[in-house]
Amino acid sequence: MSGVDFGRLVVGETVVERDFRLSRDSLVRYAGASGDFNPIHYRDDVARSVGLPGVLAHGMLTMGAAASPVIEWIGAAGTVADYQVRFTRPVPVDPEFGAELSVSATVGALDAEARTARFDLKVSFAGQTVLGKSQLVVSFA
Amino acid sequence: MVNPDVQGRVYPPTDPYLVGREKVREFARAVLSASPLHHDPEAARAAGFTDVVAPPTFAIVVQDFTLQQLLSDEEAGVDFSRVVHGDQRFSYSRPIVAGDELIGTMTVTSVKQLGGNSMVTSSTDIVDAAGAHVVTAISTLVVRAAAESTSEEAA
């Protein structure tokens, strides 16, 4: 798990790519885990009443799930120093088919003195980017 | 429209939140992370932590208590049904681990009006039982104009 070597990272290199699916079940599970019970994340009627196409994924679920492939890959080699995103597009989650997302992480910047690496995450749904300025900074031991 | 006078307002510190091992595991499953550091105390100890390590977005659980203070502040005038999440950031001094007792204190750092929408940025400093900084959580909430909805921005 902790085979990632800071010294071998190269700016511009894509280090992790993964597809993942969010279902309505995922949203209910995240609501319980996080305490965010906003009904637009589990009731279509409420979502539509505020002008949305239907139930949306929690932005924080998308943010959390987008980081997980990188966190798993880093293992014990480093810890997260900073993580930021901008929520640019909603992710509607179909009751039957869910929503397929894809994430890729590219080395955006390296600081050899501080031993930190910035990974830029590209997160897309239906061919469009859903998170902007999505940057995860990892501090290596 | 959000009251611009709440800019600079500091809310009282939240009650201590005790981070439980099962809560960390539950949250990690919810964000689809299988890293042993979130699930296996032995793996976490081998990596130098006292217990399982929370995923980076876990701090939202504590930050949310402070956001609720803002949402329930009648003077602030934030209409929750019109709130969408604009952006989010976590800046860590160290990871959150099970057993931590965390206290959040929020400051409203900025209130801006933009095309009928209000944008409220807040910064929550989260410290441990010793008072040492763990993470600062920064959110911008967009409060959509009452007259028309802009569904493109919801998250």
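**Close-ups of chains A and B**

**View 1. Where chain B meets chain A.** In this predicted model, 31 residues of chain B are in contact with 34 residues of chain A. On chain B, the elements that each put two or more residues into the side touching chain A are α1 (21–30), α2 (36–39), α4 (60–71) and β2 (83–92). Look for β2(B) in particular: with eight residues, β2(B) supplies the largest share of that side. As for the kinds of residue on chain B's side of the contact, 17 are nonpolar, 10 are polar and four are charged.

**View 2. Two strands, one from each chain.** Here we zoom in on β2(B) and its partner in chain A, strand β2 (residues 78–87). The two strands run antiparallel, and five bridges join them. One pair to pick out is Arg86(A), which sits opposite Asp87(B) of β2(B).

**View 3. The buried face of a helix in chain A.** Now for helix α1 of chain A, which covers residues 24–34. Which of its residues are buried? They are Ser26(A), Leu27(A), Tyr30(A), Ala33(A) and Ser34(A). Looking down the axis of α1(A), you'd find these buried residues within an arc of 130°, so they line one face of the helix. That fits a general pattern: an α-helix has 3.6 residues a turn, so residues three or four places apart point the same way.

**View 4. What lies over that face, and what comes next.** Both chains help cover the buried residues of α1(A): the cover includes β1 (14–22) and α3 (59–74) from chain A, along with α1 and α4 from chain B. Follow the backbone just past α1(A) and you reach Gly35(A), which has a positive phi of about 85°.

Notes
Residues numbered from 1 in each chain as written. Chains lettered and ligands numbered in written order. Predicted model: local features only at pLDDT ≥ 70, side-chain atom pairs only at ≥ 80, totals over all residues. Contact = placed C-beta atoms within 7 Å. Helix = DSSP H or I, 4+ residues; strand = E, 2+ residues; numbered from the N terminus. Nonpolar A, V, L, I, M, F, W, Y, C, P; charged D, E, K, R; others polar. Pairing = 2+ DSSP bridges. Buried ≥ 20, exposed ≤ 12 C-beta atoms within 10 Å, placed from the backbone. Arc of directions from axis to C-beta.
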